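Me: I am a first-year student, and I would like to learn how to read a protein structure step by step. Could you take my questions one at a time?

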Amino acid sequence: SINWIIVYTFRSFYSSNTTHPGQEELRDAYHPLFDKYGVDVVLQAHNHNYQRTYPISYNVTTPSSPIITNRNTENYTNIENGQIFITLGTGGAEFYNFTAQAPFIVKQLLLHGFLNMDVANNGSKLWITFYENTCVARDHLTISKIKAWTYFEPENTIFVHYENHEENVNVKLVDYQFNFVETSAIVQASN
C-alpha cells in the first residue's frame, strides 16, 4: 500500500518555451506508464528555471499537448487522472529565460531556490512548496487523497465518513435528488 509515487528524471517531459523543449522519446515512452500506474508527481530538471504543470495526462493524439485533468491551481483532492510535473532547475546556474508560457503550465519562475515536500495526515496529504533562496515561499500546492464512505440511514439522511477526519458529516436530503459539492470535510446537498 504505497501512498505516493514520485518520479525523478533529469530531462524534461514537458516545458514552456525555454532552452530545452520536452523530450518526445521520454514523454511518449513513460507518460502512458505514469497514467497506468498512478504516478502522482514527476520531478524534472535540465531547464534552469522553475515550472509546474496542472495535473496532466498523456495525449495519444497530440503528445506535445497533454490533457489538463484539473484546472485548480493549488489544492487538489483525489486526482484520478494525471500527474503534476515540476521542473526544478533552480540550484544556482544562469537562468534559461522563457519565451512564452505553455497552456498546461500553472506557474513558471526565474528564481534560485529549492523544493520542500512534506507528507502529513497519516500519509493522506502531500504539501509541496518552492522557496526562493531567501526562504520566501513562491509556489505552494497540496494534494490530498481522502477516502470517503457513504451510507444511508432511515429518514432520508446520508452520512459521509472521511478517512483521517474525526467526525461524520450528516446532511438532510430534500426530494431525494442531490449533488455533492465537497468543501474540505463538508458535504453539501442541494435539490
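The questions and replies below go through the core, the helix, the salt bridges and two loop residues.

Me: What kind of model is this, and how are its residues numbered?
Reply: This is a predicted model, in which local features need pLDDT of at least 70 and side-chain atom pairs count only at pLDDT 80 or more, while totals for chains, interfaces and linings use all residues. Side-chain values use heavy atoms, with hydrogens and water left out, and residues are numbered along each chain as its sequence is written, from 1.

Me: Which strand supplies the largest share of the largest nonpolar core?
Reply: A nonpolar core is a set of buried Ala, Val, Leu, Ile, Met, Phe, Trp, Tyr and Cys residues joined through side-chain atoms within 4.5 Å, where buried means under 20% relative accessible area, exposed over 50%, and partly exposed in between (1.4 Å probe, protein chains only). The largest such core has 16 residues, of which V41, I86, L115, I128 and I143 touch the most other members. Strands 2, 7, 8, 10 and 11 each supply at least two of its residues, strands being DSSP runs of E with at least two residues and helices runs of H or I with at least four, numbered from the N terminus. The largest share, three residues, comes from strand 10.

Me: Where does helix 1 bend?
Reply: Helix 1 has 14 residues and reaches 20 Å from its first C-alpha to its last, close to the 20 Å expected at 1.5 Å a residue, the expected span being 1.5 Å times one less than the number of residues. The bend at a residue is the angle between axes fitted to the seven residues ending there and the seven starting there. In helix 1 this angle is about 30°, with a proline, P32, following within four residues, and the bend is at Y30.

Me: Which residues of helix 1 are buried?
Reply: An α-helix has 3.6 residues a turn, so residues three or four places apart point the same way. The buried residues of helix 1 pack against strand 1, strand 2, strand 4 and strand 7, and they are R27, H31 and F34.

Me: Which residue forms a salt bridge with R52?
Reply: A salt bridge is a side-chain nitrogen of Lys or Arg within 4 Å of a carboxyl oxygen of Asp or Glu, and the structure holds four of them. The closest N and O atoms in the bridge of R52 are 2.7 Å apart, and both partners are buried. R52 lies in strand 3 and its partner in strand 11, so the pair ties together parts that are 87 residues apart in sequence. The partner is D139.

Me: Is D40, which meets K145 in a salt bridge, buried or exposed?
Reply: The side chains of K145 and D40 meet at 3.0 Å, N to O, and the pair links distant parts of the chain, 105 residues apart. K145 is partly exposed, with a relative accessible area of 28%. D40 has a relative accessible area of 12%, so D40 is buried.

Me: What is the phi of C135?
Reply: C135 sits in the loop between strand 10 and strand 11, and at 55% relative accessibility C135 counts as exposed. Another residue to look at is N121, in the loop between strand 9 and strand 10, where phi is near 50°. C135 is not a glycine, yet its phi is positive, at about 70°.

Key. Contact means heavy atoms within 4.5 Å.
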